[in-house]
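Subject: Structure handover

Hello,

Here is the structure you asked to have passed on. My notes follow below it.

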Amino acid sequence: MRRVCVIACLFAALGMAEDNRSFSLGDRARQYLVDLIRLDTTNPPGNESKVAIYLKDVADSQGIPNELIGSDPKRLNFIARLRGSGKSRPLLMLAHSDVFPIDRMQWAVDPFSAELRNGFIYGRGSRDDKALLAAELAVMVELKRRNIRLNRDLILLSEADEEEGSSGIQWVIQHAWPKIDCEFAINEGGAILEAKDGERLFEIQTTEKIPTRVVLTARGTATRGTVPRDDNPIIKLSRAVIKLSESEQPAHLQPTVRRYFRELAKLPEYAWLAPLLTRLENPATLPAAANQVRMHDPDLDSLLRTTVSPTVVQAGAKINLIPNKAEAQVDVRRLPGETREDVLDRIRQIINDPSIEMEPVPAPQVPFTDPSSVLTPLYKAMERAINRVYPRDTISPYMSRATTDAPFLRIRGVAVYGVPLFTRDPGENVAHGPDEKISPKNVEDGVGLLWQMVLETGGNGV
């Protein structure tokens, strides 16, 4: 604990603490984001306590009750709570404090500098997930400063280790559930798709695909490369990977995706989707229609199928030597409703080589849950808030391709929604890529919308 205090004092000395100057909501969110990006919480190893202590420093300066919890002093979680009238059960805002690993050679800027360049704030975590965390913190501080009394408690949770094993949220649920027990929650996973003509589709994430990583192993005889061998494991593994990559996974139309496609087809640049909607509904025409979707937009096709992508290949590194083993790791994102065993059986049939060993990568299993309802007070409040600020735009539930730690809350009966605060371009995927960035205006607009959502959920008798 003494170590924690020393680090907190260091942050204050560096000027990273809240200084009580009069900031607008947008200014406050931008400053928090810059500060958070500059705290390197790359996972592994994480070191998320740097963020947790920063959050505590801000909350303490504003008189917001808070605490740091967790079993690892380097990987603490942060919880803060503003008390409401208690008329309704609490609203939870959560965002993870760790960030995805980086390859500095691929970055044009220091990934932890929060450099403002060409109208964007660059930095790892600017999209995933520190922009959301900064917005949530700014909203909580603004509520406290204005002394706005809500009809329900507002809880902020910053959890560690979302990118690797979701151990942070699981620890909090197991050891501190009463501190976050809530009616529903706001999380990452949503987005705003802005079409070329300026129309927006607000994507509220209500469900997500499920990760299932698999290792394929081929074995053979280690020998010199001067004599080709039929059991060369690199060749055997390559054949298996090619078969898997070229196979067509079966198409399924999830209810959430059905509604999302219907709303998406209203945008002019997605008008091509409208004639396919009826064919996607019919099991007899679904495969061919899904293939047409893939020709137009592979990203949308991935919402119709379990996806299989080889990502890592390992074999012997010595020149002129055939290794006795070669391995490939395959990233599988399965559709809700498909079990891990369903997917593994299908992969075995596709490869059709009993000599290829196949094992799931040891990792905590993300639970399968039904989508969060679109009839809850929170979902309806988000719709009202969006319609008030953007009356001409469209809203839809959404199934994200990526995975969050929301399923661990959904399995406990909490309706969790990926909140659509920040605009993304069609096909944009920079959250884990090099030069991750977000514009200051995007941050300002996003925190303003979150402010409206929180007030609509807890401030008007909801």
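In what order do the strands of the open sheet of 4 strands stand? The order is β12-β14-β10-β15, and the pairing is antiparallel. Residues 307-314 form β12 and residues 357-360 form β15; these are the edge strands, and each of them pairs on one side only. From one strand to the next, the twist averages 25 degrees. Please keep in mind throughout that this is a predicted model.

Some detail on this sheet:

- β12 pairs with β14 (residues 325-334) in the antiparallel sense, over 7 bridges. Within this pair of strands, V312 has Q329 of β14 opposite.
- Helix α6, residues 233-246, packs on the sheet and touches β10 (210-219), β12 and β14. The direction of α6 makes about 15 degrees with that of β14.
- Helix α11, residues 340-351, lies across β10, β14 and β15. Relative to β15, α11 runs at about 160 degrees.

Next, the open sheet of 3 strands. Its order is β4-β5-β19, again with antiparallel pairing. β4 (116-117) and β19 (437-438) each have a single partner strand, so each is left with one side that has no neighbour in the sheet. β4 and β5 (residues 120-122) are joined in the antiparallel sense by 2 bridges. L116 is found opposite I121, which belongs to β5.

The last item is strand β2, residues 77-82. Why can β2 be called largely enclosed by the rest of the structure? Of its 6 residues, 6 are buried, so the surrounding structure largely encloses the strand. Buried here means under 20% relative accessible area. The side towards which a residue points does not alter this: N77, I79 and R81 point one way from β2, F78, A80 and L82 point the other way, and all are buried.

As for the partners of β2, strand β1 (residues 66-69) pairs with it in the antiparallel sense over 4 bridges. In that pairing, I69 stands opposite N77, and N77 is one of the buried residues of β2. Strand β6 (residues 154-159) also runs antiparallel to β2, and 5 bridges join the two. On β6, L156 is the bridge partner of A80, another residue of β2 that is buried.

Regards

Note on methods
Residues numbered from 1 in each chain as written. Predicted model: local features only at pLDDT ≥ 70, side-chain atom pairs only at ≥ 80, totals over all residues. Heavy atoms only, no water. Pairing = 2+ DSSP bridges. Axes fitted to C-alpha atoms, helices over the stretch in contact; angles between N-to-C directions. Contact = heavy atoms within 4.5 Å. Buried < 20%, exposed > 50% of the residue type's maximum accessible area, 1.4 Å probe, protein only.
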